[in-house]
Number of protein chains: 2
Amino acid sequence: MSVKVITVGEDILGANDEKARANKSRLDKYGILTINIMSSPGAGKTSLILSTIKHLRKKTRIAVIEGDVASSVDADKVNELGIPVIQINTAGGCHLDANMVEKALNDLPLKDTDLLFIENVGNLICPNAFALGEDRRVMIASLPEGDDKPHKYPAMFADTDVILLNKIDLQPYLDFNTDAFKKVVTGLNPDVTIFPVSCKTGTGMAAWFAWLESTVKNKKKK
Amino acid sequence: MSVKVITVGEDILGANDEKARANKSRLDKYGILTINIMSSPGAGKTSLILSTIKHLRKKTRIAVIEGDVASSVDADKVNELGIPVIQINTAGGCHLDANMVEKALNDLPLKDTDLLFIENVGNLICPNAFALGEDRRVMIASLPEGDDKPHKYPAMFADTDVILLNKIDLQPYLDFNTDAFKKVVTGLNPDVTIFPVSCKTGTGMAAWFAWLESTVKNKKKK
C-alpha cells in the first residue's frame, strides 16, 4: 500500500480558487469590473485608488475593498470621498483570500457599482497565489524600489495584466533604469501593459484612466 | 470527550523557535554577532550590507546569508567584494526560517566570522514571526514608503531593536513626516533605536557603524 500524501498548499489553493470563481460569477451578474491591486508596502496602491476615484467618479460608480494587516487608515481616506468601502483586517495574514472578499461583498451596494477596486495587503509575494474573483490584476512597481525587483519577485510580475510604474517624478534623484526594468518584465510577461505614472503629479495618469474606462465599458457590454 | 484542537501555526512556530535557539547557541560559541535584517522590497537591505562591508571589513570579519524568493543578484554583489555569502532561494516562500539558516551556517566559515548579516526576504509581515537565531533585529523603513507604515504593519515595527530610516536624501521631494513616523514607532516600541540614514550618500551612516562596532565588541567579550 502506498503512502497517501496530502499537500496542504494545493488543498488551500484549490478551495480558494473555487470561492474566487463564485465571487467572480456574483460580480459578473452585476457587470462589475473588479481589479485586484497588488504591490510592495508604500508603492502607491491607495494613492492610485484615490486619484482614480477623483477622476472617474462622475462617470463611474466605484466601490473599494481595503486589505491591511491592521488599521483602517486607507479605508478612512476612501470613505472621506463618500465612496462605499469595506476594510478587511487580516490580523497578521500577508494576503487577502477569496473568503475574506466574499464577506466584504455582502456589505457593498453591488447593484449600484460599475468598478470595484480590491487593494490587497502590501506584499510582493503571497497575494499572487490567491485569486479573489477579479477580472484584472494590476500591480504597482515604484521607482524607489529599484529596477531589479522583477528578478527577485518574478511570480507577481509574470501574472499581472497591468503594471503601473509609479513615482516617475523621482527619476532625476534615482538610478532606476526603465529600459532594464521593462526588458526583464516583458521577458516574464510579454503581454503586460505598462503605464509609467506619477500619482502625485498626475503625469501619465490619462493613459491609465483611458484603459480603465474602456475596460469598464467592455465589461458592461457582456 | 472533548475535541482535540491542533493549531498548525503554533506547531510550526514552536519547531522554528527550537531550531532558532540551536542556531543561536552555535553562533554564540564562535562569538558571532548575528543581525536579521528585514524590510519591504527595495527599502535598501542590500545597499546597507554593501556599505557596511566596505566600511567595516578591515576591522571586522563579515559573512552574509541572502534570502530571496528567486535569483542570486544580491549574493553576487556581496561575493564581488570577496565576502563569504550563501544565497537561500525560498522558491515562493515569503520569509526565511531557522531551518534554512541552519543549512546556510553549515557552509560558512564560522571560525573566521565576527559579524553575520542575514538579509531576510523583502516583506513587512511574515519574517517577523520566524526567529532565525539572531542577536539583533534591524529593520529598514525607507522614506518613499510613506510615514503611515507603522500603523499598517505594526508587528514588525514593535519587535525590532533598530530601525534604519533610509533614503533621507529624498526628503525634499516627498511628504514624509519624520516626527509623525517616530511618534507612532516609539508608541509601539519605546526602546527602539532609530538611525536616519542615506545608504546612497552616506549621511547618518557613522552612527550606524558606531552602534554596530560596539555591539560586535560586546558580543566578543561574552
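**Exercise 1. Determine which residue of β4(A) stands opposite Thr34(A), and place the pair in its sheet.**

Solution. Thr34(A) lies opposite Leu116(A) in β4(A). The model is predicted: local features need pLDDT of at least 70, side-chain atom pairs count only at pLDDT 80 or more, and totals for chains, interfaces and linings use all residues. Residues are numbered from 1 along each chain as its sequence is written.

Next, consider the strands. β1 (residues 33–39) and β4 (residues 115–119) of chain A run parallel and are joined by five bridges; strands (E, at least two residues) and helices (H or I, at least four) are DSSP runs numbered from the N terminus, and two strands pair if DSSP finds at least two bridges between them.

Finally, extend to the sheet. In chain A, seven strands in the order β3-β2-β4-β1-β5-β6-β7 make an open sheet with parallel pairing. Because β3 (85–89) and β7 (193–196) of chain A each have a single partner strand, one side of each is left without a neighbour in the sheet.

**Exercise 2. Describe the interface of chain B and chain A.**

Solution. Begin with contacts (heavy atoms within 4.5 Å): 35 residues of chain B touch 35 residues of chain A.

Then take the buried area, the accessible area (1.4 Å probe) lost on being put together, summed over both parts. The two chains bury about 2500 Å², 60% of it on carbon and sulfur atoms. Pro41(B), Lys152(B) and Tyr173(B) supply 24% of the area that chain B buries against chain A, more than any other three residues.

Lastly, count salt bridges (a side-chain nitrogen of Lys or Arg within 4 Å of a carboxyl oxygen of Asp or Glu). There are six between chain B and chain A. Lys200(A) and Asp175(B) form a salt bridge at 3.7 Å, N to O.

Technical notes: Chains are lettered from A and ligands numbered from 1 in the order in which they are written. Side-chain values use heavy atoms; hydrogens and water are left out.
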